[in-house]
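Hi everyone, and thanks for coming along. I'd like to take you on a short tour of a structure that may be new to you, so please have a look at it first.

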Amino acid sequence: ASLAYEDAAKDFARAIAALDLCPADDESRADLLLDLGDAHAASGELPAARSAYEAVARLARQHRWPERLARAALGVGSGPGGFEVPPFDREQIALLEEAADAILDGALRARILARLSVALSLDAALQRRGDLSEEAISLARKAGDAGALGYALASWCDVFAGPADMELRLDAAAEILTCAVEAGDTRLELLGRRLRVVALLEGGATSQVDSEISAFAATAERLGQVVYSWYVPLWRAMRAVMEGRLELGDRLRQEATRMGDAAHSENASMLTGSQRAMLLCEIGQPAEAVAFFEDLSLRWPEYTIMVNPGLAYAYAVSGMTNLAKEVIATIRLENYQVDT
């Protein structure tokens, strides 16, 4: 409660160790493991958090505890707030689907379906993801649960990404912020503000973007969790580069990289790396950018839909226009469209 997340994790671990001296009490163990996972996630120790949540899932299966299974599934991605959900995470997807089969109604099912929709990013047809989000929104409204509704709306925004739906997503983000206030959920507020930053950027409303980044920064500082904080220097680096302040942009990008590493964030690694690569293109050093995107394609072939545009641009800046055209030809946006 006083932002001492690391100390909380140590105390929860001591409590779990104390159970080893007592008769078997799997309910207490599962609940303490959930608390331990939440504390690790808050302090940026996502691998340790995941280990705790997976231990809960095993106990929940053994004892048929659907609610604890659901809480474990919701924590596995990046903690209960679900601010970052790694795509192509087969284990997380399977656990969420298992939880969805166990929780058939209510606000908890809404949260599960919303998280599943986001976890399936780049890994499933948008129509399926849209259906999951729509059902999550309906369940949350029916349950009258503001927090669940906010996360369901956020998952809908993920499905309908892009400038064409910018106004609809701004409306949804405004409702998410209202839900966050009603639920008293700071993490949900940050999620809503992140969605506003993206939508406002797509509309070219840079002055509003700067105000939103400042609001996000103030809220993230109060929360004191690095998994949220690294977005601030990332966005400020982007804005500096947009204004031609390249040296400042690179310094801020380095700060975002350091903070993202501390948060064990795969998203931070992707975004700060891409930001550096595009900056190299701007200053006439595209060879390193080409190497970065080529290496990314080899290490993470499942990210092709995200990597190829940057790779094509780096090729073009390098004068390798034929290679750029070949890469562009592999991008099949029609596979990611959904009826609105």
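Let me begin with a term: a polar contact is a pair of N or O atoms within 3.5 Å, and within protein one of the two must be able to donate a hydrogen and the other to accept it. Please also keep in mind that what you see is a predicted model.

With that term in hand, let's go to His-63, which sits in helix 3, residues 46–63. Which side chain does His-63 join in a polar contact? The partner is Asp-26, and the contact between the two side chains is 2.7 Å. His-63 is partly exposed, because its relative accessible area is 32%, and partly exposed covers what falls between 20% and 50%. For a sense of distance, try finding Val-226 as well: 163 residues separate Val-226 from His-63 along the chain, and their C-alpha atoms are 35 Å apart.

Next, a pair of helices. Helix 7 covers residues 126–143 and helix 8 covers residues 146–159, and their axes come within 8 Å. How do these two run relative to each other, roughly parallel or roughly antiparallel? Their axes cross at roughly 160°, and angles over 145 degrees count as roughly antiparallel, so helix 7 and helix 8 are roughly antiparallel to each other. Their crossing is left-handed. On the helix 7 side, the residues that meet helix 8 include Leu-126, Ser-133, Ile-137 and Arg-141. Across from them, helix 8 brings residues including Leu-149, Leu-153, Trp-156 and Val-159. By type, the residues of this contact divide into 10 nonpolar, three polar and four charged.

Moving along the chain, we come to Arg-193 in helix 10, residues 186–202. Is Arg-193 buried or exposed? Arg-193 is buried, because its relative accessible area is 18% and the cut-off for buried is under 20%. Setting aside residues up to four places away in sequence, Arg-193 touches Leu-177, Glu-212, Ala-215, Phe-216 and Thr-219. Take Ala-215 from that list: Arg-193 and Ala-215 are 22 residues apart in sequence, yet 7.9 Å apart in space, C-alpha to C-alpha.

Now to a second pair of helices, starting with one residue in each. Thr-272 belongs to helix 15, residues 266–282. Thr-272 is buried, with a relative accessible area of 5%. A polar atom of the Thr-272 side chain lies 2.6 Å from the backbone oxygen of Ala-268. Beyond its neighbours within four places in sequence, Thr-272 is in contact with Leu-234, Arg-253, Ala-256 and Thr-257.

The residue to find in helix 17, residues 304–317, is Asn-308. Asn-308 is buried too, at a relative accessible area of 7%. Its side chain makes a polar contact of 2.9 Å with the side chain of Thr-330. Thr-330 also appears among the contacts of Asn-308 outside its neighbours within four places in sequence, together with Val-327 and Ile-331.

And how do the two helices meet? The axes of helix 15 and helix 17 come within 10 Å and cross at roughly 15°, so the two are roughly parallel to each other. This crossing is left-handed. Met-270, Met-278, Cys-281 and Glu-282 of helix 15 make the contact with Met-306, Tyr-313, Ala-314 and Val-317 of helix 17. Those residues divide into seven nonpolar, no polar and one charged.

That's the tour, and thank you for listening!

Technical notes
Residues numbered from 1 in each chain as written. Predicted model: local features only at pLDDT ≥ 70, side-chain atom pairs only at ≥ 80, totals over all residues. Heavy atoms only, no water. Axes fitted to C-alpha atoms, helices over the stretch in contact; angles between N-to-C directions. Helix = DSSP H or I, 4+ residues; strand = E, 2+ residues; numbered from the N terminus. Parallel < 35°, antiparallel > 145°, perpendicular 65-115°, else oblique. Left-handed = near helix turned anticlockwise from the far one by under 90°. Contact = heavy atoms within 4.5 Å. Nonpolar A, V, L, I, M, F, W, Y, C, P; charged D, E, K, R; others polar. Buried < 20%, exposed > 50% of the residue type's maximum accessible area, 1.4 Å probe, protein only.
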